[in-house]
Amino acid sequence: MDTITGILESMDYGPAPEDSSAVRTWLESYAEGFGHFIDGAFTRPGEGFDVIDPASGNRIARVTQGSEADVDAAVRAARRAQPKWARLSGHDRARHLYALARHVQQHSRLLAVLESLNNGKPIRESRDIDLPLVARHFYHHAGWAELLEDEFPGAAPVGVCGQVIPWNFPLLMLAWKIAPALAAGNTVVLKPAEYTPLTALAFAQIAAECGLPKGVLNIVTGDGQTGAAICGHAGVDKVAFTGSTEVGRVIRRQIAGSGKKLTLELGGKSPFVVFADADLDAAVEGVVDAIWFNQGEVCCAGARILVAEAVAGRFEALLKARMKTLRVGDPLDKSTDIGAIVHPVQLDRIRMLVDQGVAQGAVLHQGMAPEGCFYPPTLATGVEPASVLATEEVFGPVVTLTSFRTPDDAVLLANNTRYGLAASIWSENVNLCLDIAARIKAGVVWVNCTNVFDAGAGFGGYRESGFGREGGREGMSAYLAYPRPKAKKAGEAALPDPQVTPHGEGTGEGIDRTAKLYIGGRQTRPDSGYSYVVSGAKTAAGLAGLGNRKDIRNAVEAAHKAKGWGKATGHNRAQVLYYLAENLSTRAPEFADRLRGLGASKEAARKEVDTAIRRCFWYAAQADKFDGAVHQTKSAHVTLAMHEALGVMGIACPTGHPLLGFVSTVLPAIAMGNAVIAIPSQTHPLAATDFYQLLETSDMPDGVVNIVTGPRDELARTLAQHDDVAAVWYFGTSEAAPWSRRKARGISSRHGSRTALPGTGWPRRGKGACFWNMPRKSRISGCPTAPDMLFGGACSRWPEPTRHR
Amino acid sequence: MTVELEKLQSPQAHPVPARMESEMEHARNEGMPLATEMFEGHAVNRSAAERRAATIGARRSVKKAYQAAWLVNAVRCIDLTTLAGDDTAARVRRLCAKARNPIAPHVMDGLGLAGMGLTTGAVCVYPTMVVHAVRALEGSGVPVASVATGFPAGLMPLHLRLEEIRYAVGEGAQEIDIVITREHVLTGNWQALYDEIAAMREACGEAHMKAILATGDLQTLGNVYAASMVAMQAGADFIKTSTGKESVNATLPVGLIMLRALRDYGQATGYRIGFKPAGGMKSAKEALIWQMLMKEELGRDWLQPDLFRFGASSMLGDIERQLEHHVTGRYAASSRHATA
């Protein structure tokens with residue numbers, strides 16, 4: 001039938017193979033196997049494993065299994081290279097990144113073919129999507145390197161970055177990891193995924209071709225053990241991981257307490273919400289881009305279609321018709337829509353999950369797929385929220401379809417997941433889009449488009465989808481460190497256990513005062529029924545309630561009820577903070593006396609109160625200044641970055657400076673709209689308990705600030721283990737800090753710890769960037785401008801720009 | 001050379017085109033009463049349409065013999081057109097000669113299609129040129145299409161526009177490309193639009209009617225969808241993008257929305273409507289991409305001249321050069337091929 005007459009009858013597309021001979025020649029030149037790329041050169045190939053082309057099942061290369069010694073050599077090389085790399089001017093680093101961008105473009109077809117051969121993704125996608133984004137990422141970060149000193153004053157590189165990347169976008173994830181790291185002056189040890197190491201190795205060769213200094217980029221191949229060796233290596237200052245939530249959780253435990261910075265970009269089960277007034281044909285194409293892109297092996301894939309009941313029948317019919325024209329097959333054929341699944345192991349996993357879903361009642365509608373490591377495009381209906389197909393990330397071309405009745409219903413279903421990476425909303429009603437975008441808990445929300453990426457917009461998730469952002473300003477800040485306040489003394493001694501027996505030292509003059517806990521806007525007795533002794537300048541200063549885990553539980557509940565605070569305008573919050581300053585000023589002598597009673601000198605007490613008042617003003621001033629951004633990304637799209645409060649935060653306040661330590665840590669959190677459970681200085685909590693009277697008189701809504709006095713470490717541990725606490729700040733000894741992460745179960749909580757800051761650090765340095773950075777997350781929305789509508793096209797919300805000035 | 005000439009002159013040189021069979025299969029659109037609910041409130045997202053249109057040519061590829069076949073197919077769907085103020089009888093005759101033999105004989109021979117009797121889908125001219133075209137195409141089986149109704153702006157009194165249709169039909173045109181009154185779309189006067197097109201359809205009689213929407217004037221894709229639907233409800237056999245005289249003519253996003261409209265109309269009524277992009281298409285590459293769009297959105301049946309036409313003239317030259325390259329491995333200068 002290959003005669004033209006025959007083809008004129010069938011009008012088939014016929015084969016359109018991409019020529020892979022250049023790639024095969026390159027692979028043949030490494031027939032003896034690939035080594036690692038360490039210190040600017042490939043090592044001799046060692047014990048290793050085969051790399052396959054999943055479409056054919058053929059072995060195409062052999063790579064070396066990275067041992068601990070290999071990792072160690074790579075980290076050492078990175079360490080040696082780092083100071084000099086960091087000392088280069090931003091401009092000089094920009095030149096290197098520019099060269100990488102250029103060479104990626106010059107070798108783009110070679111890299112695209114190699115990627116498709118190794119990963120199984122269609123050549124159209126590697127050629128038209130992956131490679132352009134890779135080059136874009138290096139260009140964008142060449143820009144950040146150039147502007148680093150201007151845009152991030154005072155920032156320093158973190159040091160050596162250990163990076164572990166997944167197999168779904170091997171080269172693109174490499175770019176996402178190394179471009180910001182190198183731009184910021186870090187050096188890198190990166191492990192590509194076991195299944196897909198080849199483009200990373202080709203990239204290493206390109207880096208050498210570009211003259212990237214040796215040791216700046218090191219690539220070690222291997223499996224999960226190699227990854228663990230990198231993450232766990234003592235010489236690594238920052239770990240960045242993209243991959244499964246399971247492994248992310250392991251890494252988080254592994255490095256807890258090590259002081260390493262961590263970015264996790266994990267799984268997702270993203271909703272794809274189609275309203276009745278959407279362009280249904282457009283939304284159907286959106287599904288193609290969402291779940292039948294990259295074989296569905298996309299962390300932010302729109303895997304759960306939620307469609308308005310009014311149009312569900314029509315939408316399903318259109319979607320099924322569209323499925324019939326999807327072509328599954330040879331990744332190197334230019335007419336292929338869906339290529340090979342990356343590895344038979346992954347194919348088995350997809351089949352297993354789909355089988356389970358069917359056993360639970362799902363009905364499948366599938367397209368065609370050839371024999372081998374392929375899976376057909378699959379639509380599953382009849383999937384209940386508890387079904388494995390609704391809850392588990394399949395990482396394959398499988399999408400569920402569920403109908404909803406109302407917008408509220410849609411939001412409920414959309415958020416009914418432990419993930420929070422991305423969402424896609426389809427409607428021609430801009431009001432509805434913006435409303436729903438704000439209510440869906442996801443780091444990225446696309447409107448009338450999906451899976452749109454750009455280096456200029458941060459990407460990352462909520463909840464078990466990870467934390468940290470990649471891309472844009474926010475991604476850069478993940479690879480930068482700010483000098484933190486340093487203790488003048490070497491740490492503080494461990495805190496004594498609270499004394500709950502009477503001290504027998506008598507009280508001062510005046511009527512006896514009772515310091516209670518402060519929960520949900522009410523002064524509350526501790527659940528335990530115990531009080532503990534607060535020591536003072538000479539004798540005991542009084543008693544404070546001994547809080548326990550139930551008090552923490554109640555406080556967290558109360559904090560969650562203070563929802564209005566996060567939605568209030570910055571102006572509203574500023575007013576309350578100013579009022580707080582006013583009332584503190586009125587009662588300044590009283591607070592100064594309290595501090596003197598706790599042991600401060602007259603001058604120190606006056607100064608501490610005065611500084612606390614200034615700090616109220618400073619954060620009030622910031623409350624309505626911390627804007628989002630409109631990012632420059634795609635043409636005809638609007639990309640909005642919007643900050644959001646994290647939600648409910650726990651703060652274990654510093655021991656020294658009982659008033660200022662409390663104010664300096666609680667105010668930045670509430671200024672951004674968070675609600676807080678504060679554990680004041682264990683030894684001197686009474687300044688904080690006096691403070692709740694100010695809260696009561698300053699129009700602070702109930703539940704925004706909750707104060708639980710008592711044993712710091714025990715209470716902080718309870719906070720860290722609470723699933724409904726978004727973040728915990730811990731100011732205490734580094735010995736005690738690690739548990740606050742290790743015991744935390746959730747993956748997404750931003751638990752940070754800072755070691756004790758005794759001495760005079762607080763009055764001078766307890767404000768600014770290092771506090772401002774954490775108590776919020778942000779998301780980005782992009783909307784293409786469409787002439788048909790005032791505001792049509794695509795909106796995406798991506799995450800977290802951080803600004804330091 | 002003698003053999004080729006014999007083939008060309010033999011009766012088998014003009015076999016019944018393949019399209020005739022399927023043309024018989026589906027009933028002619030009888031139209032339906034105006035039903036605004038079929039398009040009012042129909043959402044069209046431009047960004048999404050542009051995204052889909054932009055990936056059509058990247059998602060599909062035809063190579064080698066397949067590419068040659070797809071280009072040959074494009075030729076049989078071309079309405080070879082001249083609509084210029086300086087058209088003359090001689091100019092029209094030259095065009096018709098090209099329509100009879102659109103691809104050089106040695107190329108057809110090389111493609112193994114020497115006996116196929118390939119012609120373009122039609123020749124499209126102004127009403128006063130119809131008579132010359134009909135004469136020039138006598139016995140070829142190539143229909144003559146005529147623009148009418150005050151082409152290109154259409155701003156003539158309705159009775160004159162209808163009379164123009166009847167004139168062109170009387171001259172022997174088998175297909176009439178009418179233009180709509182854009183004002184009716186821009187003001188949302190659907191009833192007026194419907195009535196006008198229905199009257200034109202009646203004036204066409206047996207001649208097939210292609211409704212030119214002048215989408216470049218309609219601007220929004222929502223308008224394009226609505227105008228497409230009204231034209232089909234009023235009995236259009238084809239919907240056509242452009243006159244070729246607007247500042248923006250056939251674009252893929254516009255085509256995509258018109259195809260979805262005719263798909264939706266087909267699902268509602270059972271009638272199969274044809275589609276004709278026109279204006280601005282010059283390259284063989286575009287000919288391939290438009291066909292891919294047809295096949296992806298509507299299926300293989302819409303790759304035949306009874307349901308698909310290109311309104312083009314210079315595109316044929318590029319196709320002929322590409323086909324020659326396929327046959328000889330050399331890129332031919334256009335001077336080596338007969339001009340239209």
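This report describes a predicted model with chains A and B, moving from the chains and domains to the cores and then to single residues.

**Chain B as a whole**

Chain B contains 15 helices and eight strands, and along its principal axes the C-alpha atoms fill a box of roughly 60 × 45 × 35 Å. Its radius of gyration is 19 Å, which agrees with the value near 20 Å that a compact globule of 340 residues would have. Of the 340 residues in chain B, 57% count as buried. When the contacts in this chain between residues at least 6 apart in sequence are considered, 77% of them join residues at least 24 apart.

**Domains of chain A and the contact with chain B**

The domain assignment divides chain A into domain 1 (19-265), domain 2 (270-454 + 790-797) and domain 3 (551-774). The centres of domain 1 and domain 2 of chain A, taken over C-alpha atoms, are separated by 30 Å. Their contact involves 21 residues from domain 1 of chain A and 22 residues from domain 2 of chain A. On the side of domain 1 that touches domain 2, the elements of chain A that give two or more residues are α5 (108-119) and α6 (123-151), and the largest share, five residues, comes from α6(A). By class, the residues on this side of domain 1 of chain A are nine nonpolar, seven polar and five charged.

Between the two chains, the contact takes 35 residues from chain A and 31 residues from chain B. On the side of chain A that touches chain B, α1 (4-10), α6 and α11 (280-291) of chain A each supply at least two residues. That side of chain A is made up of 14 nonpolar, nine polar and twelve charged residues.

**The nonpolar cores**

The largest nonpolar core has 290 residues, and those with the most contacts inside it are A:V273, A:V274, B:V123, B:A133, B:A211, B:A231 and B:I239. Helix α7 (residues 170-183) of chain A gives the most to this core, with eleven residues, and at least three residues are drawn from each of domain 1 (19-265) and domain 2 (270-454 + 790-797) of chain A. A second, separate core of 80 residues includes A:I519, A:L546, A:A620 and A:A726.

B:I239 shows what surrounds one such core residue. Leaving aside neighbours within four places in sequence, B:I239 is in contact with B:A211, B:L213, B:S228, B:A231, B:M232, B:M258, B:L262, B:I273 and B:F275.

Another of the core residues named above, B:V123, has B:V144 in β3(B) as its bridge partner. The strands concerned, β2 (residues 122-125) and β3 of chain B, run parallel and are joined by three bridges. Strand β3 (residues 144-147) of chain B is covered on both faces, with B:V144 and B:S146 buried on one side and B:A145 and B:V147 buried on the other.

**Backbone and single residues**

Most residues other than glycine have a negative phi, and most peptide bonds are trans. Against that background, the peptide bond from B:F151 to B:P152 is cis, with omega near 0 degrees, and B:P152 lies in the loop between β3 and α8 (158-171) of chain B. In chain A, A:H657 has a positive phi of about 50 degrees although it is not a glycine, and its place is in the loop between β28 (648-652) and α23 (660-671) of chain A. A:D699, also a residue other than glycine, has a positive phi near 65 degrees and lies in the loop between α24 (686-697) and β30 (705-707) of chain A.

The table lists the burial of these two residues of chain A together with two residues of chain B.

| Residue | C-beta neighbours within 10 Å | Class |
|---|---|---|
| A:H657 | 28 C-beta atoms | buried |
| A:D699 | 12 C-beta atoms | exposed |
| B:D306 | 24 C-beta atoms | buried |
| B:A332 | 17 C-beta atoms | partly exposed |

B:D306 is found in the loop between α14 (284-297) and β8 (310-312) of chain B. The C-alpha atoms of B:D306 and B:H42, which are 264 residues apart along the chain, are separated by 28 Å.

B:A332 is placed in the segment after α15 (314-328) of chain B. Not counting residues up to four places away in sequence, B:A332 touches B:R321, B:E324 and B:H337. B:A332 and B:E320 are twelve residues apart in sequence, and their C-alpha atoms are 9.0 Å apart in space.

Technical notes: Residues are numbered from 1 along each chain as its sequence is written. Chains are lettered from A and ligands numbered from 1 in the order in which they are written. This is a predicted model: local features need pLDDT of at least 70, side-chain atom pairs count only at pLDDT 80 or more; totals for chains, interfaces and linings use all residues. A nonpolar core is a set of buried Ala, Val, Leu, Ile, Met, Phe, Trp, Tyr and Cys residues joined through C-beta atoms within 7 Å. A residue is buried if 20 or more other C-beta atoms lie within 10 Å of its own, exposed if 12 or fewer, and partly exposed in between; C-beta atoms are placed from the backbone. Helices (H or I, at least four residues) and strands (E, at least two) are DSSP runs, numbered from the N terminus. Domain bounds come from an automatic or database domain assignment. Two residues are in contact if their C-beta atoms, placed from the backbone, lie within 7 Å. Ala, Val, Leu, Ile, Met, Phe, Trp, Tyr, Cys and Pro count as nonpolar, Asp, Glu, Lys and Arg as charged, and the others, Gly among them, as polar. The radius of gyration is taken over C-alpha atoms; the globule rule is 2.2 Å times the number of residues to the power 0.38. Two strands pair if DSSP finds at least two bridges between them.
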